[in-house]
Amino acid sequence: MSDIIKPRVLKGFRDFLPGSEIERADLSEKLVMAFRQSGFVPIDTPVLEYAEILLGKAGGETEKQVYRFTDHGGRDVAMRFDLTVPLARFMAEHYDELELPFRRYHIAKVWRGENTQRGRYREFTQCDFDIIGVDSASADFDIVSTIVLAMKTLGVAGATVKINHRGIFNRFLSIIGAETKSADTLRIVDKLAKIGKEETGRLLEQVLGNTAKDELMEFIREDEAFGPTLERITSLAGGSNPDSDRIEQIFAMASAAGQDACLKLAPSITRGLDYYTGVVFETFLDKLPDIGSICSGGRYNNLASLYTKQDLPGVGASVGLDRLLAALDTLNHKAKPHGYTQLLVTMADSRLAPQYQAAAFLARNAGIACEVYPEARKLPLQYAYAEKKGASFALIRGIEENDRNIWLLRKLSSRTMQEYSSLEDAINAVKMG
RNA sequence: GUGGAUGUAGCUCAGUGGUAGAGUCCCAGAAUGUGGAUCUGGUUGUCGCGGGUUCGAUACCCGUCAUCCACCCCA
């Protein structure tokens, strides 16, 4: 019998050991770099909000997934399930204190009580970036170019941003007389990449009938270059209109910036969330399309209307950090070091510990991340520890070296030893790599 | 939320109605103060958790928790 409480975490929630937390922090830092380079500034909002704020516009599905409870003061509260709805509240509350257009990024955890799968958790981190207060092609493209920059900064090769415009899609649905079945149709079309053409066609036929199905299948084809695809869907949607002009302008910017290769017009991308009103986009890894979109978003011109009469159009996107991490793990499963240490000062003999600590101080002052092994164990063990912590070098001085007044520097990767008559020289060698 | 699979040593996994093994890892030694070979010895488990059937359960039954997969939805 024991009264020890079994340590465990909730379904869909996770601990992060240094190995994966270092990787997460690394990804997040790189994203921040990309956001700042594109003019975005950080904000934060509370984890808990009044339930009416978060659920004001939520559909039935979202509502079911939200963590919601009554707090100690009897308030009906909920944990944020994304960062966009809190942003809407934030903008409505503070728009007169902010410079518009307002570009913000927000990296934070969100919670959804849905079932788990690989890369899908109940607690996960979103990295949102939005431009609020303007409705223009340039703002739309800024989001796309920030996605592209972010992927580049992360060193992710082969990411494609798929873009579409809900307006064009809705015009087309009116023409084929399917506007009343818009919700069902959007949901089926959104699954094209996952279930394939045949199955999509079969499902659409049930909803729309055969003729409309064929027209729709023609509309959502995406096996051409940007220009011809745009021409096709524009004419199917009844000819040139402001929405197709918008897409055209965005593509012109992508071409001018030399980024048109990773931008694809995909008429089947619609996004499930009903607050999108303009362009929508999703980002896929060419090598790993199955994991789904790792960065999605779009334009929402009415988002803050729940909380203010101010007109606050916006456009933005969100990187799923955990999904991206799961993807990167699958792509390159090399073991990453579990630390930041560059140099390990080994403890060859505990009597010389003062010297080791002094050496560590010197190394840190020289800008080297450094630690002293805290007990005198066998050196091979200390080398292995050093490598696990990511160190490239080990500094050694035993009694014999002490008598000769030298330091030994071991390069761990090549397992070679070098003698130095002064500590400064050894530390310099570490700095040089 | 619904359906399916899984849960045994730090890790990868065997196994059986009579309270457990292999490989690897780890530790000690051969070997002397400097890790990639070899050899010797050794440690490790409430067999996910709770209940039931049984003389006896890790194994059979029920429940529960967690993971993975599909649906749903999405990051």
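Which residues does Leu263 touch, if we leave out those up to four places away in sequence? Hold on to that one for a moment while I say hello. Hi everyone, and thanks for coming. Please keep in mind throughout that this is a predicted model.

Now, back to Leu263. Leaving out its close sequence neighbours, up to four places away, Leu263 touches Val144, Val161, Ile163, Phe226, Ile250, Phe251 and Ala254. Leu263 also belongs to the largest nonpolar core, where it is among the residues with the most contacts, together with Phe129, Ile143, Ile147, Ile163, Leu216 and Phe281. That core has 68 residues. Helix α5, residues 137-153, contributes the most to the core, giving nine residues. There is also a second core, separate from this one, with 22 residues, and Tyr356, Val372, Trp407 and Ala426 are included in it.

Let's move on to the aromatic rings. How many aromatic pairs are there? The count comes to ten. Take Phe35 and Phe129 to begin with. Their ring centres are 4.8 Å apart and their planes meet at 35°, so this pair is tilted. The two partners come from distant parts of the chain: Phe35 is in helix α1, residues 18-37, and Phe129 is in strand β6, residues 123-132, with their positions 94 residues apart. Phe35 and Phe129 are each buried.

Another pair to find on your screen is Phe169 with Phe219. Here the arrangement is edge-to-face, with 5.4 Å from centre to centre and 90° between the planes. This pair, too, links distant parts of the chain, as Phe169 is in helix α6, residues 166-175, while Phe219 is in helix α9, residues 210-219, and the two are 50 residues apart. Phe169 and Phe219 are both buried. If you go back to Phe35 and Phe129, you will see that ring pairs link them with Phe40 and Tyr105 into a cluster.

Rings also meet charges here. The charged end of Arg24 sits over the ring of Phe16, at 3.9 Å from the ring centre. Likewise, Lys162 has its charged end over the ring of Phe284, 5.2 Å from the centre.

Next, let's look at one helix in detail: α16, residues 423-432. Which of its residues are buried? They are Leu423, Ala426, Ile427, Ala429 and Val430. Looking down the axis of α16, these buried residues fall within an arc of 155°, so they line one face of the helix. A bit of background helps: an α-helix has 3.6 residues a turn, so residues three or four places apart point the same way. On the face of α16 turned away from the buried side, we find the exposed residues Lys431 and Met432. And what covers the buried residues? The cover includes strand β12 (343-345), helix α13 (353-365), and strands β14 (393-396), β15 (407-411) and β16 (416-420). Just after α16 comes Gly433, with a positive phi of about 90°.

Now for the cysteines. How many disulfides are there? The count is zero. Consider Cys127, whose nearest cysteine sulfur is that of Cys295, 8.9 Å away. That distance is too far for a bond. Cys127 is buried, with a relative accessible area of 0%, and Cys295 is buried with a value of 0% as well.

A few backbone details are worth a stop, too. Leu100 and Pro101 are joined by a cis peptide bond, with omega at about -5°. Pro101 is in the loop between α4 (84-94) and β5 (102-111). Then there are residues other than glycine with a positive phi. One is Asn405, with phi near 60°, in the loop between α15 (399-404) and β15. Another is Arg415, with phi near 55°, in the loop between β15 and β16. Is Arg415 buried or exposed? At 62% relative accessibility, Arg415 counts as exposed.

Last stop: Ala225, in the loop between α9 and α10 (226-236). With 49% relative accessibility, Ala225 counts as partly exposed. Its C-alpha lies 7.6 Å from that of Lys264, though the two residues are 39 apart in sequence.

That's my tour. Do pull up Leu263 again and look for its contacts, including Val144 and Phe226. Thanks for listening!

How values were computed. Residues numbered from 1 in each chain as written. Chains lettered and ligands numbered in written order. Predicted model: local features only at pLDDT ≥ 70, side-chain atom pairs only at ≥ 80, totals over all residues. Heavy atoms only, no water. Core = buried A, V, L, I, M, F, W, Y, C linked by side-chain atoms within 4.5 Å. Buried < 20%, exposed > 50% of the residue type's maximum accessible area, 1.4 Å probe, protein only. Helix = DSSP H or I, 4+ residues; strand = E, 2+ residues; numbered from the N terminus. Contact = heavy atoms within 4.5 Å. Phe/Tyr/Trp six-rings, centres within 6.5 Å; stacked < 30°, edge-to-face > 60°. Lys NZ or Arg CZ within 6 Å of the ring centre and 35° of its normal. Arc of directions from axis to C-beta. Disulfide = S-S within 2.5 Å.
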